[in-house]
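Dear colleague, thank you for asking me to look over this structure with you. Please keep the sequence and the 3D view open as you read the points below.

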Amino acid sequence: MEDNIIISGVEESRTEMGKSENLAKMISHVFSSEMNIAAETVDNLQIYKLFRMGEYDRQRKFPRPICVQFANRAHKEIVMRHIKVLKDKKSPIRVSQHQPEELRERRKHLYEVQKQYAQRNIETTLKGTKLIFTKSKSVYKDKIGSRPTAEEIINGEEVKIAITPGKTTEDNGNRFAAHAVPVDSYKQVRRSLVEVIRSDSIASASHNIFAFRFTGNDGTTHDGSDDDGEHGAGRLLLKALIDNDVKNTLVVVSRWYGNKIGPRRFKHINEVGLSAARNMSGST
């Protein structure tokens with residue numbers, strides 16, 4: 001991926017369907033006309049492969065992004081140096097480096113954290129996968145820390161908590177189940193997370209996605225999430241909690257992997273997660 005770029009905002013046309021040479025002409029036009037790269041330079045760019053990302057869908061509101069794989073990293077850097085031209089022209093086309101899903105989700109999470117600090121008039125700068133406080137130059141760290149280790153789950157101190165289950169959903173060999181726990185501090189979130197994950201009923205799950213929200217003693221709302229390999233799932237689960245005004249709750253959604261089901265997995269994760277949160281709310 002180090003030699004790849006992603007181009008967004010290039011309209012799709014029927015002539016490019018199944019014909020890579022037509023897509024190549026479109027990309028060359030973007031480089032020369034939109035980014036002002038010299039025609040001779042564009043002709044000499046060594047591109048190994050280029051393709052639209054995802055399946056074609058007439059209902060899609062925006063054109064699919066294009067992945068361009070360069071055979072030479074220096075040629076990728078030539079294109080990256082001209083990104084500013086697109087911004088100056090206020091072009092709808094955007095060019096970015098192709099990053100792994102995990103890094104992209106990390107940046108999205110930090111962007112949300114940055115917006116929360118901005119509401120409190122605290123200035124921050126997002127650099128790569130780090131959120132830096134402008135005044136102190138210190139780096140933001142998630143207060144819950146990294147995911148619990150296997151040793152922590154197996155040998156950690158046992159804490160008695162009330163775990164409320166939600167509904168279970170199955171789809172094409174996949175099973176989704178959720179559990180909710182009341183929380184009011186970061187320490188409680190971590191301890192509860194360990195207890196839920198070590199439960200016999202979900203110890204064999206392929207993924208354990210979680211999201212939490214609680215209000216501190218000062219009235220400030222704290223939240224967080226983790227994907228556990230289901231890129232984007234934790235962030236979407238947290239959004240579902242926010243949209244449904246779920247508070248002082250940790251929700252863990254477990255998935256036992258069967259077969260690929262595409263975006264449907266996010267719907268299942270949100271539905272079973274919210275069912276656990278509602279069951280807990282109804283029992284208190």
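The numbered points go from the whole chain to its two sheets and then to one chosen residue.

1. Please bear in mind throughout that this is a predicted model. The protein chain contains 9 helices and 11 strands, and its C-alpha atoms fill a box of roughly 70 × 50 × 35 Å when the box is taken along the principal axes.

2. Of the 284 residues in the protein chain, 41% are buried. The protein chain exposes about 16,800 Å², of which carbon and sulfur atoms supply 47%. Among contacts with a separation of 6 or more, 64% are made by residues 24 or more positions apart.

3. As for charge, the protein chain carries 47 positive and 37 negative side chains, and the centres of these two sets lie 4 Å apart.

4. One open sheet is built from 4 strands in the order 2-3-1-4, and its pairing is antiparallel. At its edges are strand 2 (47-52) and strand 4 (94-97), each of which pairs on one side only, while the twist from one strand to the next averages 20°. Strand 1 (residues 4-8) runs antiparallel to strand 4 and is joined to it by 4 bridges; within strand 4, Arg94 is the residue that stands opposite Ser8. Helix 3 (residues 73-80) packs on this sheet, where it touches strand 1, strand 3 (66-70) and strand 4, and its direction makes about 140° with that of strand 4.

5. Another open sheet has 5 strands, which follow the order 7-8-11-9-10 with antiparallel pairing. Strand 7 (164-171) and strand 10 (221-226) each have a single partner strand, so one side of each is left without a neighbour in the sheet. Here the twist averages 10° from one strand to the next.

6. The pairings within this sheet can be followed strand by strand. Strand 8 and strand 11 pair in the antiparallel sense over 8 bridges, and Phe176 has Arg255 of strand 11 as its bridge partner. Strand 9 is joined to strand 11 by 7 bridges, again antiparallel, with Asn208 opposite Ser254 of strand 11. Strand 9 (residues 207-215) also pairs with strand 10 in the antiparallel sense, over 6 bridges, and there Phe210 has Asp226 of strand 10 as its bridge partner.

7. Two helices accompany the sheet of 5 strands. Helix 7 (residues 186-197) packs on the sheet, touching strand 8 (174-182), strand 9, strand 10 and strand 11 (249-256), and its direction makes about 150° with that of strand 9. Helix 8 (residues 233-243) lies across strand 9, strand 10 and strand 11, and runs at about 35° to strand 9.

8. Why is strand 11 described as largely enclosed by the rest of the structure? The reason is that 8 of the 8 residues of strand 11 are buried. In a regular strand, side chains alternate between the two faces of the sheet. Both faces of strand 11 are covered, with Thr249, Val251, Val253 and Arg255 buried on one side and Leu250, Val252, Ser254 and Trp256 buried on the other.

9. Finally, is Leu103, which is found in helix 5 (residues 101-119), buried or partly exposed? Because its relative accessibility is 35%, Leu103 counts as partly exposed; the buried class requires a value under 20% and the exposed class one over 50%. Leu103 and Ser185 are 82 residues apart in sequence, and their C-alpha atoms are 27 Å apart in space.

Notes. Residues are numbered from 1 along each chain as its sequence is written. This is a predicted model: local features need pLDDT of at least 70, side-chain atom pairs count only at pLDDT 80 or more; totals for chains, interfaces and linings use all residues. Side-chain values use heavy atoms; hydrogens and water are left out. Buried means under 20% relative accessible area, exposed over 50%, partly exposed in between (1.4 Å probe, protein chains only). Contact means heavy atoms within 4.5 Å. Accessible areas come from the Shrake-Rupley method with a 1.4 Å probe; for residues, only the protein chains shown count as cover. Lys and Arg count as positive and Asp and Glu as negative; His and the chain ends are not counted. The place of a charge is taken as NZ of Lys, CZ of Arg, CG of Asp or CD of Glu. Two strands pair if DSSP finds at least two bridges between them. Axes are lines fitted to C-alpha atoms, for helices over the stretch in contact, and angles run from 0 to 180 degrees between N-to-C directions.
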